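Hi everyone, thanks for making room for me today. I'd like to walk you through one structure, so please have it open while I talk.

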Amino acid sequence: MSRAEALYRLQLLDLEIDRARKRLSEIAMSLAGSPALEHTRAEATKLEKALRSAAAELKSIELDAQMLDDKIAAEEQRLYSGAIRNPKEMLDVQQELDMLKRRRAALDDRLLAAMEQLERLRADELRCRQSLAQAERNFAEDSVQLRAERDKLQAAIEGLSEQREALCRGIPAKDLQLYTAIRAKKPNGVAVALLKSGACSQCGETAASQLVQQAHTGAELALCSNCGRILYQA
Ligand SMILES: [Zn+2]
């Protein structure tokens, strides 16, 4: 195996490890939570709160209505019991009763509106709970698949890392240093470029015949004069 070939093989392993690690971080993000699920959860919480406050509102109107009913019953009792003999006082009580009954009628409208609102919110909340349950089931199913994929990837990375270590033992330290330095500088992580028809396959630069020869014999490392990558003639 030439020096360039060893580095090329090392790069194949490294790129595969890179891909696996990238996928692993995607999986970790997906497992941490889904935006759609969070959205439905927030929606359910909002509806629950609205439902509670609508129920409290209805309860409070019901209490007011009950108090008015009691007051009306008491006034009517006073009016019809014959206890009041003064006509002026009887008129006052009658007027008071009329006023109480008007207030009570107005409360009926509010009661009806509050009941309708509560019904609407109950239906909305039920629908929201159902879609939340579905979203949670979907997330759980996806998570099972993602965890299985994660375990497979971790095992693959372990295997690849062992192969990498074994390969590195046969590579001179200065070649490894050069490879690592070039790889760190390249956004795509490619430090070794294949020579294709005498040109660097990464940047397209035609290599001088001396470099092609060098890449071919493999005794010395040949670097692309344009992108600086190690050239490898397969
Ligand atoms: Zn190049």
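**The sheet and its helices**

Let's start with strand β3 and strand β4 (residues 230–232), which run antiparallel and are joined by 2 bridges. If you want a place to look, find L223, which stands opposite I230 in β4. Before I go further, a word of caution: what you have on screen is a predicted model.

Now widen the view a little. What is the order of the strands in the sheet? Reading across, you get β2-β1-β4-β3, an open sheet of 4 strands with mixed pairing. As a reminder for anyone who hasn't thought about sheets lately, strands pair through backbone hydrogen bonds, and they can do so parallel or antiparallel. At the edges here sit β2 (199–200) and β3 (222–223), each of which pairs on one side only.

Which helices pack on this sheet? One is α1, which touches β1 (192–196) and β4. The direction of α1 makes about 100° with that of β4. Another is helix α4 (residues 173–185), which touches β1, β3 and β4. For α4, the angle with the direction of β4 is about 105°.

**The whole protein**

Let's step back to the full chain. The protein holds 5 helices and 4 strands, and along the sequence they follow the pattern α-α-α-α-β-β-α-β-β.

How far does the C-alpha trace span along its principal axes? The answer is about 130 × 35 × 25 Å. The radius of gyration tells a related story: the protein has 41 Å, whereas a compact globule of 234 residues would have a value near 17 Å.

On the surface side, 32% of the 234 residues count as buried. The accessible surface comes to about 14,900 Å², and 54% of that belongs to carbon and sulfur atoms. Contacts are worth a mention too. Taking those between residues at least 6 apart in sequence, 72% join residues at least 24 apart.

**Salt bridges**

Next, the charged side chains. Side chains of opposite charge can pair when their charged atoms come close. How many salt bridges does a search of the whole structure find? It finds 23, and I've picked a few to show you.

Take R23 and E149 to begin with: their side chains meet in a salt bridge, at 2.7 Å from N to O. This pair links distant parts of the chain, with R23 in helix α1 (residues 3–32) and E149 in helix α3 (residues 87–168), 126 residues apart. Are these two buried or exposed? Neither word quite fits: R23 is partly exposed, at a relative accessible area of 28%, and E149 is partly exposed as well, at 29%.

Then there's K101 with E76, a salt bridge at 2.8 Å, again N to O. K101 lies in helix α3 and E76 in helix α2 (residues 35–80), so this salt bridge ties together parts that are 25 residues apart in sequence. K101 counts as partly exposed at 39% relative accessibility, and E76 is partly exposed with a relative accessible area of 24%.

My third example stays inside one helix. R122 forms a salt bridge with E119, with the closest N and O atoms 3.1 Å apart. Because they are 3 residues apart in helix α3, R122 and E119 are separated by about one helical turn. Both are partly exposed: R122 has 43% relative accessibility and E119 has 46%. Elsewhere, salt bridges that share partners join D14, D18, R164 and R183 into one network.

**Two buried charged residues**

I'll finish with two residues in helix α3. E125 is found there, and at 14% relative accessibility E125 counts as buried, because the cut-off for buried is under 20%. What does E125 touch, leaving aside its neighbours within four places in sequence? Its contacts are L47, E48 and L51.

R104 also lies in helix α3. R104 counts as buried too, at 16% relative accessibility. Not counting residues up to four places away in sequence, R104 touches A65, L68, D69 and I72.

That's my tour, and I'm happy to go back to any part of it on the screen.

Terms used:
Residues numbered from 1 in each chain as written. Predicted model: local features only at pLDDT ≥ 70, side-chain atom pairs only at ≥ 80, totals over all residues. Heavy atoms only, no water. Salt bridge = Lys/Arg side-chain N within 4 Å of Asp/Glu carboxyl O. Buried < 20%, exposed > 50% of the residue type's maximum accessible area, 1.4 Å probe, protein only. Pairing = 2+ DSSP bridges. Contact = heavy atoms within 4.5 Å. Axes fitted to C-alpha atoms, helices over the stretch in contact; angles between N-to-C directions. Rg over C-alpha atoms; globule rule 2.2 N^0.38 Å. Areas by Shrake-Rupley, 256 points an atom, 1.4 Å probe, with all protein chains shown as cover.
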